[in-house]
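Me: I would like a close look at one part of this structure, namely the salt bridges and what surrounds them. Please take me through the pairs with care, and say how covered each partner is.

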Amino acid sequence: MRPIPSRLSYLFLHLFAFCYYAQVTNQSPPNFTQHVSEQSKVTDHVSRRLIRVYQLYSRTSGKHVQVLPNKKINAMADDGDVHAKLIVETDTFGSRVRIKGAETGFYICMNKRGKLVGKKNGQGRDCIFTEIVLENNYTALRNARYEGWYMAFTRRGRPRKGSRTRQHQREVHFMKRLPKGQQRSIQATTVLLISSTTLSIKGLNVRDIHRKAEGGEADGQRDGLTSSQLAHLPSQKDL
């Protein structure tokens with residue numbers, strides 16, 4: 001049997017290398033969107049949990065979601081009600097959260113019938129909701145275990161079954177709001193920061209302004225401050 005000529009072997013080798021290169025280059029690039037979507041469904045046990053405190057304003061009832069001591073959930077609470085204060089814990093690096101009442105400690109969960117119930121242990125997927133920001137700037141909360149089922153309330157503030165909910169319905173639309181007392185504290189802190197920054201730029205400090213203010217409001221106004229700005233300055237006992 002005669003051996004294959006070296007030139008023919010050389011051509012076969014190049015043909016094999018070309019086919020292999022074409023197969024590798026024709027592979028589709030990694031789908032990062034799919035990767036993020038898959039990772040968003042996995043509980044993150046490594047990162048630090050982000051905890052927020054706010055109220056959920058229901059678009060239909062005009063009230064706030066509350067978690068009662070008897071484990072019932074409704075949207076009948078007034079602004080600042082003690083049972084309307086919610087603690088929201090992140091579950092993944094995405095937008096999945098667990099929501100519990102700050103007063104009762106019960107988590108908002110959804111059972112297999114689509115009814116909202118309160119549970120002491122909120123580790124199950126039925127107690128996880130995905131925050132979806134809608135085009136109208138409202139937020140919808142979709143249950144992680146029952147796909148397509150949302151947290152929803154009627155006009156009377158009663159919970160609606162998840163199996164009867166859709167994303168476009170007004171019943172599933174909520175707005176995040178800070179508790180009543182927390183809004184005032186944040187506003188006061190903002191005024192304090194702005195006032196202190198203004199004084200620092202002018203080469204003054206809050207204590208000096210108070211000393212001058214004791215001698216008359218005109219001293220403070222000579223420093224470029226209006227009477228309304230003087231009124232918003234922190235008292236000396238708070239310094």
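Reply: A residue counts as buried when its relative accessible area is under 20%, as exposed when that value is over 50%, and as partly exposed in between. The model is a predicted one, and a search of the whole of it finds 10 salt bridges.

I begin with Glu 131, which has a relative accessibility of 13% and is therefore buried, given the limit of under 20%. Its side chain meets that of Lys 176 in a salt bridge, with N and O at 3.3 Å. This pair links distant parts of the chain, since Lys 176 belongs to strand β10 (residues 174-177) and Glu 131 to strand β8, 45 residues apart. Lys 176, unlike its buried partner, is partly exposed, because its relative accessibility of 34% falls between the two limits. The pair also belongs to a wider arrangement, as Arg 52 is linked with Glu 131 and Lys 176 in a network of salt bridges.

A second pair is that of Asp 91 and Arg 98, whose closest N and O atoms are 2.6 Å apart; here both residues are buried. The salt bridge between Glu 147 and Arg 142 has its closest N and O atoms 3.8 Å apart. In this case Glu 147 is exposed, because its relative accessibility is 52%, whereas Arg 142, with a relative accessible area of 24%, is partly exposed.

Charged residues also appear in another setting, for Lys 72, Lys 112, Arg 113, Lys 115, Lys 161 and Arg 164 form a positive surface patch. A patch of this kind is made of residues with over 30% relative accessible area and no salt bridge. Of its members, Arg 113 lies in the loop between β6 (107-110) and β7 (116-119), and it is exposed, with a relative accessible area of 52%.

Strand β6 leads to a covalent link as well, since the structure holds 1 disulfide, which joins Cys 109 to Cys 127 with the sulfur atoms 1.9 Å apart. This disulfide likewise links distant parts of the chain, with Cys 109 in strand β6 and Cys 127 in the loop between β7 and β8 (128-133), 18 residues apart. Both cysteines, Cys 109 and Cys 127, are buried, and their link is right-handed, with 100° about the S-S bond.

Key: Residues are numbered from 1 along each chain as its sequence is written. This is a predicted model: local features need pLDDT of at least 70, side-chain atom pairs count only at pLDDT 80 or more; totals for chains, interfaces and linings use all residues. Side-chain values use heavy atoms; hydrogens and water are left out. Patches are made of residues with over 30% relative accessible area and no salt bridge: like charges are joined within 9 Å, nonpolar side chains (Val, Leu, Ile, Met, Phe, Trp, Tyr) within 5 Å. Accessible areas come from the Shrake-Rupley method with a 1.4 Å probe; for residues, only the protein chains shown count as cover. A salt bridge is a side-chain nitrogen of Lys or Arg within 4 Å of a carboxyl oxygen of Asp or Glu. Lys and Arg count as positive and Asp and Glu as negative; His and the chain ends are not counted. The place of a charge is taken as NZ of Lys, CZ of Arg, CG of Asp or CD of Glu. Helices (H or I, at least four residues) and strands (E, at least two) are DSSP runs, numbered from the N terminus. Buried means under 20% relative accessible area, exposed over 50%, partly exposed in between (1.4 Å probe, protein chains only). A disulfide is a pair of cysteine sulfur atoms within 2.5 Å.
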